[in-house]
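Welcome! Let us walk through this structure together, from its domains to the chain as a whole.

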Amino acid sequence: MKTFLYAFFIYAYTTMYAQTDTKIYDIIDAVSANRIETNITKLANFGTRHTLSDTISNTRGIGAARRWIKSEFEAIANNCNSCLDVFYQKNFVKKGTNNRITKDVWVVNIVAVQKGTKYPNRYIIMSGDIDSRISDANNFTDDAPGANDNASGMAGTMEAARVLSKYSFENSIVYVGLSGEEQGLFGGKGLADYAKEKGWDVIGIFNNDMIGNIKGVDGIISNTDFRIFSEPTPPTETEKQRTMRRFYGGEVDGISRQLARYVHTNVKTYMPEMNPMMIYRLDRFGRGGHHRPFNDVGFAGIRIMEAHENYTQQHQDIRTENGIEYGDVLKHVNFNYAAKLTAVNAINLAAIAWAPPAPKKVAIGGIVEASAKLKWTKVEGAEGYKIYWRDTTSPTWDHSRYVGDVDSFTLDGVVIDNFFFGIAAVGENGHESVVVFPNDIIKD
Ligand SMILES: [Zn+2]
């Protein structure tokens, strides 16, 4: 009896907990709200970080801000045996490019790369923005503290770098401060083009833009709700892919959407106290963010942000009007909440960076049969593969089956018409790639 019980507990333990990795909990615990507060405060105190602001002063303007951010990444690198390669990535934008570029300007991003040990050319990116603005998008001299928009995302990115620099990963992680967001997404475009030019295999980008406000303009207060925006399908798809989709499905299964689901699943697993809301659209209604230029060139990218925005505290001159205090100032930022969303990023960066690459080619078949067949290309470093499926109306991958180290499998009794399917590669450490939706058909 004793032996039986013991065996049962071992069995229960391994089946219940084998799916989680204790290092992920350590990462959550290591994210510091205090440090995030210190960094947001420092950023807000540069007065303005407008893209067109002063670059000479060491205390005010975007030049001072970016030199400080760079020095912080370098300090992290000094504490991890130079595990971060820190550099400026610059793009020259000519006066008149649009009506928010009122003079020639260098849009300067700060990039910190933590090289992967096994797949150095595969990159998962976390971004925040350096620049800020007030009511007039072109006012580059008056105070624009941008405490939430977007010192919060910038400080979160710096904190994630600090926490993850204690670990080594198989894939590369990029921590980046982007500029020129408010003037027309110029920094994101610059880095996306740079990544293309360098031949980076970009797994995706987590664009963090406003991760510190918990009180909505509608009065709702929540320090657990947050949003994950993702576009349904890539804008780079071909006419042929569009036609295929009409007959085989995939309207809500593009690469960015799979990345959103990946984040959603990990948060539900490791941070069940949080309420991630997948939002099925590129961004807020008619508004933009720095993941978009990455989507534009065919990379997966999502926006992670607070759920309840406060418009009196975004892009506003600091003032009081009719008893309402306007302005994106420090006192409206909730540092604990910013730390939680930083942890959301950090655990997903880690999980992806510890996982093998996703299979490139996934084919599906099973027309007029009581089964679904899948076939995929194997990837280096995978211990096995997991088939996921879900009802066609479900937003999340609700069913799964680990099928081991094979390159095809038939799910008997699962009618292909009634579900959507995908495949993930699983590493020997248990970490999984992002799910791949079938991109080919098995004809038989
Ligand atoms: Zn903004």
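Before we talk about domains, it helps to know that their bounds come from an automatic or database domain assignment. What you have in front of you is a predicted model. In this chain, the assignment gives domain 1, covering 22–354, and domain 2, covering 362–441. How far apart are the C-alpha centres of domain 1 and domain 2? They lie 31 Å from each other.

Now look at where the two domains meet. Here 14 residues of domain 1 are in contact with 12 residues of domain 2. On the domain 1 side, the elements that give two or more residues are helix 9 (255–270) and helix 11 (335–354). Helix 9 provides the largest share of that side, with five residues. By character, the domain 1 residues that touch domain 2 divide into seven nonpolar, four polar and three charged.

An annotation can guide your eye too. An unreviewed UniProt entry lists residues 109–311 as "domain: Peptidase M28". Over that stretch the chain is 30% helix and 24% strand, and the C-alpha atoms at the two ends are 26 Å apart.

Finally, step back to the chain as a whole. You can find 11 helices and 17 strands in it. Its radius of gyration is 23 Å, close to the 22 Å that the globule rule gives for 444 residues, so the chain is as compact as a globular protein of that length. The C-alpha trace spans about 70 × 60 × 45 Å along its principal axes. Buried residues make up 48% of the 444. Of the contacts between residues at least 6 apart in sequence, 77% join residues at least 24 apart.

Key: Residues numbered from 1 in each chain as written. Predicted model: local features only at pLDDT ≥ 70, side-chain atom pairs only at ≥ 80, totals over all residues. UniProt positions renumbered as here; feature names shortened; annotations may be inferred. Helix = DSSP H or I, 4+ residues; strand = E, 2+ residues; numbered from the N terminus. Contact = placed C-beta atoms within 7 Å. Nonpolar A, V, L, I, M, F, W, Y, C, P; charged D, E, K, R; others polar. Rg over C-alpha atoms; globule rule 2.2 N^0.38 Å. Buried ≥ 20, exposed ≤ 12 C-beta atoms within 10 Å, placed from the backbone.
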